[in-house]
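Notebook open, viewer loaded. I want to go through strands, sulfur links and rings, and jot down what I look up as I go.

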Amino acid sequence: MKKYPLLFLPTILILFLLISCTPKAPTPDINQQINQIVAATIMAFPTNAPPPTLVPYPTPTPFDLTGFFCEYHFCIGHPKDVSFFDQQNHTTPSNYSQGVIAAFNGNVFIQLIWQLAPGTTDPQFMLDLIVSSATDTRTGSLDIKLVRGMNVVYTPLTSTATILPSGGAGAWTCGDRVFAWKTYTQQTEAPSSLFEEALAKFTCGQN
């Protein structure tokens, strides 16, 4: 048996007492550990994204295009039972700068022409282009008026070249272009009404 010198006995005794008096770590509560793990797991779950904010978008306004022609940077009204078509040669179709379009059925014929004329304020020369000297006769007086800032002229017609003897022709300026319109119908009063309807819906833009 190993013998310790008496000098070390008090030191050994003190260490023993200190070791025996040191508080032991408490035994962990298994239920508490489980609860902590479950809580940490739940906290780690991704949260649901908030619902998207509803953005108010404008609802489309219904717009009836029946009886309404829009092309070549202008729009114009016409009877609902006819449609305009291009009268230009297919190799040189109508465009913004100049054009000829027409619409017809058994009761009405309508023709519209236009050309560039920057700075022009008097559209009467366009009547000379659209009114045929061989078949059309101007009747009544020339009606001159200002419509929504456009200089407008109109004259009633009679024609010998068609089964639609009553007619009318008008011309006006808009932007950098001048326009001329002509119609043949069976009723004497119809041409002026058709012209008013066409002009009421007319708008034009520039390139």
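**Strand pairing**

I started with β4 (residues 98-104) and β5 (residues 108-116): they run antiparallel and are joined by seven bridges. Note to self that this is a predicted model. I then checked the connection, and a hairpin of three residues takes β4 into β5.

Which residue of β5 is the bridge partner of glutamine 98? I looked it up and found glutamine 115.

Next I followed β5 to its pairing with β10. Strand β10 covers residues 177-185 and runs antiparallel to β5, with nine bridges joining the two. Glutamine 115 turns up again here, standing opposite valine 178 in β10. So I have glutamine 115 down twice, once with glutamine 98 and once with valine 178.

A reminder for reading side chains off these strands: in a regular strand they alternate between the two faces of the sheet.

**The three-strand sheet**

I also traced an open sheet of three strands, and its order is β1-β2-β11 with antiparallel pairing. The edges are β1 (68-71) and β11, each with a single partner strand, so each has one side without a neighbour in the sheet. Between β1 and β2 (residues 74-77) I found four bridges, again in the antiparallel sense. One of the pairs caught my eye: cysteine 70 has cysteine 75 in β2 as its bridge partner.

**Sulfur links**

That sent me to the cysteines. How many disulfides does a search of the whole structure find? The search returns two.

The bridge partners from the small sheet are one of them: cysteine 70 and cysteine 75 form a disulfide with their sulfur atoms 2.0 Å apart. I read 115° about the S-S bond, and the link of cysteine 70 and cysteine 75 is right-handed. Buried or exposed, I asked of cysteine 75? Its relative accessibility is 14%, and buried means under 20%, so cysteine 75 counts as buried. Cysteine 70 has a relative accessible area of 40%, which means it is partly exposed.

The other link joins cysteine 174 and cysteine 204, with the sulfur atoms 1.9 Å apart. Here the angle about the S-S bond is -90°, and the link of cysteine 174 and cysteine 204 is left-handed. Cysteine 174 lies in strand β9 (residues 166-174) and cysteine 204 in strand β11 (residues 203-204), so this pair ties together parts that are 30 residues apart in sequence. Cysteine 174 comes out at 11% relative accessibility and counts as buried, whereas cysteine 204 is partly exposed at 25%.

For the record, with the bonded cysteines of the chain numbered in sequence order, the pairing reads 1-2, 3-4.

**Rings**

I ran the aromatic search over the whole structure and got 17 pairs. I opened one of them, phenylalanine 69 with phenylalanine 74: the ring centres are 6.0 Å apart and the planes stand at 50°, so the pair is tilted. Tilted covers what is neither under 30 degrees (stacked) nor over 60 (edge-to-face). Both residues are inside by the numbers: phenylalanine 69 is buried at 15% relative accessible area, and phenylalanine 74 is buried at 2%.

Which residues do ring pairs link into a cluster? I listed Phe69, Tyr72, Phe74, Phe84, Trp114, Tyr154, Trp172, Phe179, Trp181, Phe195 and Phe202.

I also found a charge over a ring: arginine 177 lies over the face of tyrosine 96, at 3.8 Å from the ring centre.

**One threonine**

I picked out threonine 155, which is found in strand β8 (residues 150-159). At 2% relative accessibility, threonine 155 counts as buried. What does threonine 155 touch, not counting residues up to four places away in sequence? My list has Leu127, Arg138, Thr139, Leu142, Gly168 and Ala169.

**Whole-chain numbers**

Last, the totals. I counted four helices and 11 strands in the chain. The chain has 207 residues, of which 32% are buried. Among contacts with a separation of 6 or more, 46% are between residues 24 or more positions apart. The accessible surface of the chain is about 13900 Å², and carbon and sulfur atoms account for 63% of that.

Key. Residues are numbered from 1 along each chain as its sequence is written. This is a predicted model: local features need pLDDT of at least 70, side-chain atom pairs count only at pLDDT 80 or more; totals for chains, interfaces and linings use all residues. Side-chain values use heavy atoms; hydrogens and water are left out. Two strands pair if DSSP finds at least two bridges between them. A disulfide is a pair of cysteine sulfur atoms within 2.5 Å. Buried means under 20% relative accessible area, exposed over 50%, partly exposed in between (1.4 Å probe, protein chains only). Rings of Phe, Tyr and Trp (its six-membered ring) pair if their centres lie within 6.5 Å; planes under 30 degrees apart count as stacked, over 60 as edge-to-face and the rest as tilted. A charge sits over a ring if NZ of Lys or CZ of Arg is within 6 Å of the ring centre and within 35 degrees of the ring normal. Contact means heavy atoms within 4.5 Å. Accessible areas come from the Shrake-Rupley method with a 1.4 Å probe; for residues, only the protein chains shown count as cover.
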